[in-house]
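Hi,

Here is the structure I promised to pass on. Have a look at it first, and then read my notes below with the 3D view open beside you.

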Amino acid sequence: QVQLVESGGGLAQPGGSLGLSCVASGSIFRIVAMAWYRQAPGKERELVASVNAGGGFDYADSVKGRFTISRISGANTVYLQMNSLKPDDTAVYYCNMRAYETTLQWGDYWGQGTQVAVSS
């Protein structure tokens with residue numbers, strides 16, 4: 001069984017910074033990609049940033065230049081550093097992982113979500 005545990009988040013003022021971390025554990029054979037998504041009230045869940053096994057990165061246009069995703073391969077951990085936060089960044093942030101388990105079964109896994117609120 002695979003589990004994603006997120007930490008970080010909270011309340012920040014506009015222009016401030018927050019960091020999120022996500023640790024994956026369990027019967028993981030090979031991680032294909034890890035990512036952060038977010039969902040604001042009344043809106044659909046959207047991709048914020050992703051990193052694949054080859055080291056390729058992808059960012060939503062709205063966060064480019066402000067957010068940085070990074071991954072520690074050996075620790076199955078992914079981080080999201082969020083700088084220059086805006087009220088529009090307020091959302092529940094979810095960690096996502098696409099991986100093969102030791103049974104070679106493919107999976108798309110989600111964390112429980114962590115709240116980020118940006119307000120003065």
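Let's begin with Ser21, which you'll find in strand β3, the stretch covering residues 18-26. Keep in mind throughout that this is a predicted model.

Is Ser21 buried or exposed? Its relative accessible area is 16%, and the cut-off for buried is under 20%, so Ser21 counts as buried. Its side chain has a polar partner: the side chain of Ser7, at 2.6 Å. If you skip the neighbours within four places in sequence, the residues in contact with Ser21 are Val5, Glu6, Ser7, Trp36, Val78 and Tyr79. Try clicking through them one by one.

Next, the charged pairs. How many salt bridges does the structure hold? There are 5 of them. A good place to start is Arg38, whose side chain meets that of Glu46 in a salt bridge, with 2.7 Å from N to O. The two partners sit in different surroundings as far as accessibility goes: Arg38 is buried at 6%, whereas Glu46 is partly exposed at 35%.

Arg38 also forms a salt bridge with Asp89, this time at 3.0 Å from N to O. Asp89 belongs to the loop between β8 (77-82) and β9 (91-101), while Arg38 is part of strand β4 (residues 28-39), so this pair ties together parts that lie 51 residues apart in sequence. Both Asp89 and Arg38 are buried. Through shared partners, salt bridges link Arg38, Glu46, Arg66 and Asp89 into one network.

Another salt bridge joins Lys64 to Asp61, and there the closest N and O atoms are 3.1 Å apart. Asp61 is exposed, because its relative accessibility is 63% and the cut-off for exposed is over 50%.

Now back to β4, since this strand has pairings you can trace on screen. Which way do β4 and β9 run relative to each other, parallel or antiparallel? They are antiparallel, and 10 bridges join them. To find your place, look for Gln39, which stands opposite Val92 in β9. β4 also pairs with strand β5 (residues 46-52), again in the antiparallel sense, over 6 bridges. Here Tyr37 is the residue to look for, as it stands opposite Leu47 in β5.

β4 and β5 make a hairpin, with 6 residues between the two strands. Within that turn, Gly42 has a positive phi of about 75 degrees.

While you are looking at strands, here is a general point to keep in mind: side chains in a regular strand alternate between the two faces of the sheet.

Finally, there are two backbone angles to look up. Ser84 has a positive phi, near 50 degrees, even though this residue is something other than glycine. You'll find Ser84 in the loop between β8 and β9, and at 39% relative accessibility it counts as partly exposed.

Where is Leu104? It is in the loop between β9 and β10 (106-110). Leu104 is not a glycine, yet its phi is positive too, at about 70 degrees. With a relative accessible area of 56%, Leu104 is exposed.

That's the tour. If you want one thing to try on your own, begin at Arg38 and follow the salt bridges to Glu46 and Asp89.

Cheers

Note on methods. Residues are numbered from 1 along each chain as its sequence is written. This is a predicted model: local features need pLDDT of at least 70, side-chain atom pairs count only at pLDDT 80 or more; totals for chains, interfaces and linings use all residues. Side-chain values use heavy atoms; hydrogens and water are left out. Helices (H or I, at least four residues) and strands (E, at least two) are DSSP runs, numbered from the N terminus. Buried means under 20% relative accessible area, exposed over 50%, partly exposed in between (1.4 Å probe, protein chains only). A polar contact is a pair of N or O atoms within 3.5 Å; within protein, one must be able to donate a hydrogen and the other to accept it, and residues adjacent in sequence count only if both atoms are side-chain atoms. Contact means heavy atoms within 4.5 Å. A salt bridge is a side-chain nitrogen of Lys or Arg within 4 Å of a carboxyl oxygen of Asp or Glu. Two strands pair if DSSP finds at least two bridges between them.
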